[in-house]
Amino acid sequence: MSGLSSTALPASDAVVIDNTARRMPQTPPPKRRRRFGIALRITLGLSVMALLVLLIGGVSMSSFRLFRAEVAVLSTNTLPEVITSAELHGSLQKLVAQLPQLAAAASTPQRRSIYDGLVTELDSMQLLVARMRGLMKEGDPGAGERDGNVRLLEQTRSTLLILAATVADLNAEVTRQIDYGDRQAEAARALSRLAAAIESMPDTGAWAARIGALMARAAGATQLDHLSRLKGEARSAERTLAELARLSGGAPDPTGQMMSTVQEELFSLLVAPGGLFESAIDRLQARNRAQALTGQAQVLVETVERSTRALYNSIRDQSAERTDALAALIAERTRTVMVLAATSLLLAVCVYFFFRRFLSTRLVAMNRAVLARLSGNRQPPHCGIAAPAGLPVRVPVDGDDEITDIGASIRYFIEEIDRRQQALADNERRFRDLVEGSIQGIVIHRDFHVLYANDSFAAMLGMTVAEVVALPSLLSVVAATERQALIEGYDRLLENGQSTPRRRIRACRSDGAGLWVELTGRRVDWMDGPAIQAVVVDVTREVEAEHALRQSRDAAERALDELKATQASLIQAEKMASLGQLVAGVAHEVNTPIGITITGASQLQTLIGELSDRHTANALKKSDFQRFLSDGMEMASLILSNSTRAANLVQSFKLVAVDQSSDERRPFLLRDYIDELLRSLHPTYKARTALTIDVACPADLELDGYPGALSQILTNLIMNALVHALDPEQPGRIAIAARLLGPDMVELSVGDDGNGIAPDVLPKIFDPFFTTRRGAGGSGLGLHIVYNLVTGRLHGTIGVESHPGEGTRFTLRFPRVTATA
């Protein structure tokens, strides 16, 4: 009916042809065995050439990839690293120039401008360091030089953080120095005004002289740079003011009253809090601290300068090494490709002359002989000697290789064709008899115009053979949706002649009823032209049965898929819920040691500040230092113990949580892993003071498998015991035991002495969604997850023993080395 898939001759007809051929005498071509025939020569030559081509291509591709990788590294990592390190060194030079200006700032606007510039430079350097870290992370992580660069960069980053803090402290001290200087200047101006007022007072003799001497001495003392001498002058001024107070007390009024007023004002200006001496002392202390911080900052700057210079030199050297290696690689691979290309060219020339000598010349002679034989000539045109009259031209058979066999085979097949032509004439008659009597519909058509049809095909369509042959086109009895596919199949069969698989199409009978037919077809020569022979089988009943069956199967598969998706989502939610409980418990447990650590660090900082103040004031005593050592050691011990406690909690949680949320396989020690799991679960049961958990497991028992699956199993079993088996107010015990059963099998048991499981409930505990706490938040998936993980992920078995009131014991057996999925 179409360019439908091909079919072979009927079996009975093929047997007839074969029997006829067997009755005719045949002389098969000779068979020879050769050690080095023409096929082996061609294969060897082409293999060597292909090997050289592949080798050249492989070397070229490898060279290109290496070159591209090196250029990418130079452009994306090495060059940006060099530029960034140079910018980092340049920013450091600006910082060096601005740092002394901050310590020498004399006014608040000047100090603020310089400090803002320093902060900007420090932030810029931090950004450059961060950029450099990003570039180094993208580079080769295994290079030893890069590890050294990373260490230098980390040293620079940490030093910059300390330097930023030091600059902030220096800014604070300079601020205090400027403020105290302003207060000192204001007190000095007030002292000058008081001195002018005293000069207008009546002559008071020695009192006035001592007042003038005191004011002059105070004015000179504030210019001192020695803190101890300045403090001594302050104490001397206090004594002098006390003596002047006694003198003014003995003088008659109103002179005595005026002297007392002057003495009190002078006391408030000189030695009272916020007076001239205190401002001078505070300014001098702030200046000394600023000088110390300036020195510390310079040391830090020198450290950063050494680190950045070393980093820049290292990166520059690495860039030079990569550039040199790339140039050497290009030169080496270029030479290799040139040598291989020259070798390939030489080999191609040799293969050409070899093929021409042993293959093409002999094949051309054989072809001429065959053409002469087919055209009826007695001798090939190039031969000058005619063959004897009545004898056909014979194909030349010379040599001792495959071409010789080909010539003998051609000669044999030409003779065989003559013998079979007579057999084909007889077989044509037998073939027609077989086709006419076939129970399958057979039709031969060209461009869908019927050339031949048997009775079975006409009966399928409810027509006679004459009516079928009179059809304008076979497409008229085919459903409209099938016509384009039939036309395309027809074109393919005419083009390549290859058989196509059986296909079903919908057709219609002459009375309008529909039917399904199964088609096969092949291209044949019919009446001096190509045509299509199609074999047609009525499969209407089979199609209707398959359609009904397919609908039932699709409905069942959809229901099964929905059930599986729902179950998978619920199981995943149950897993994440247990992990969420673990996260909440560990977070609450870590808060306490972290809070204690912060408090201890703050107290230790306060103790260090007080010790520094006493040292600065030259008031540090041995008892103060010993008390600081005692308190500091206590605070350090407190910080260390609580930090260790928090770190252990976080490490345990990290190990267990990461394992539960991933399917990574790795070797691990079972006892250590159980301890880490219990430490992570401790926040969930720490309120149960009467609960004890015992672990009996060899310390050297090592497993190679999936710790996440084992963590999920133990977590579910322990939480199941806490929720269902043990009462919170009553004493309880959970026992975890592990041992080896032979060299390759492990037995792990989890038992409790709680309520136990009822006999009617015990067979259903591993069923999905079965729970005895349906109204209390139970999902019924905990033990189902355990069963799936043990039997699926660990390739093991799980059993349970339980008696009401005596407890429950789960026993797991699984291989020590889990087989790869």
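# Exercises on helix packing, salt bridges and contacts

The protein chain contains 17 helices and 12 strands. The structure is a predicted model. Of the 821 residues in the chain, 37% are buried. Among contacts with a separation of 6 or more, 71% join residues 24 or more positions apart.

## Exercise 1: two packed helices

Describe how helix α16 and helix α17 are arranged relative to each other, and state which residues make their contact.

**Solution.**

Step 1. Two packed helices are described by the angle between their axes and the distance between the axes.

Step 2. Helix α16 spans residues 707–725 and helix α17 spans residues 782–793; their axes come within 9 Å and cross at roughly 150°.

Step 3. Angles over 145 degrees count as roughly antiparallel. The helices α16 and α17 are therefore roughly antiparallel to each other.

Step 4. The handedness of the crossing between α16 and α17 is left-handed.

Step 5. On the α16 side, the contact is made by A709, Q712, I713, N716, L717 and N720. On the α17 side, the contributing residues are G782, L783, I785, V786, L789, V790 and R793.

Step 6. Sorted by character, the residues of this contact comprise 8 nonpolar, 4 polar and 1 charged.

## Exercise 2: the salt bridges of R553

Identify the partners with which R553 forms salt bridges, and classify the residues concerned as buried, partly exposed or exposed.

**Solution.**

Step 1. Side chains of opposite charge can pair when their charged atoms come close. Across the whole structure, a search finds 13 salt bridges.

Step 2. One partner of R553 is D554, with 3.8 Å between the closest N and O atoms.

Step 3. R553 also meets E557 in a salt bridge, at 4.0 Å from N to O. E557 and R553 are 4 residues apart in helix α13 (residues 540–616), and are therefore separated by about one helical turn.

Step 4. The class partly exposed lies between 20% and 50% relative accessible area. R553 has 47% relative accessibility and so counts as partly exposed. D554, at 27%, is partly exposed, and E557, at 40%, is partly exposed.

## Exercise 3: a salt bridge in helix α15

Characterise the salt bridge between E676 and R679, including the accessibility of each residue.

**Solution.**

Step 1. The side chains of E676 and R679 are joined by a salt bridge with an N to O distance of 3.1 Å.

Step 2. Both residues belong to helix α15 (residues 670–685), where 3 residues, about one turn of the helix, separate E676 from R679.

Step 3. Buried means under 20% relative accessible area. E676 has 19% relative accessibility and therefore counts as buried, whereas R679, with a relative accessible area of 34%, is partly exposed.

Step 4. Salt bridges also occur as a network, in which R504, E518 and E546 are linked.

## Exercise 4: the surroundings of R523

Locate R523 in the secondary structure, and determine its accessibility and its contacts beyond four places in sequence.

**Solution.**

Step 1. R523 lies in strand β4, which covers residues 514–525.

Step 2. The relative accessibility of R523 is 37%, so R523 counts as partly exposed.

Step 3. Once its neighbours within four places in sequence are left aside, R523 is in contact with L493, L494, E495, G497, P530, A531 and I532.

Step 4. Q498 is 25 residues from R523 along the chain, and the C-alpha atoms of R523 and Q498 are separated by 8.0 Å.

Key. Residues are numbered from 1 along each chain as its sequence is written. This is a predicted model: local features need pLDDT of at least 70, side-chain atom pairs count only at pLDDT 80 or more; totals for chains, interfaces and linings use all residues. Side-chain values use heavy atoms; hydrogens and water are left out. Axes are lines fitted to C-alpha atoms, for helices over the stretch in contact, and angles run from 0 to 180 degrees between N-to-C directions. Angles under 35 degrees count as roughly parallel, over 145 as roughly antiparallel, 65 to 115 as roughly perpendicular and the rest as oblique. A crossing is left-handed if the near helix is turned anticlockwise from the far one by less than a right angle, and right-handed if clockwise. Contact means heavy atoms within 4.5 Å. Ala, Val, Leu, Ile, Met, Phe, Trp, Tyr, Cys and Pro count as nonpolar, Asp, Glu, Lys and Arg as charged, and the others, Gly among them, as polar. Buried means under 20% relative accessible area, exposed over 50%, partly exposed in between (1.4 Å probe, protein chains only).
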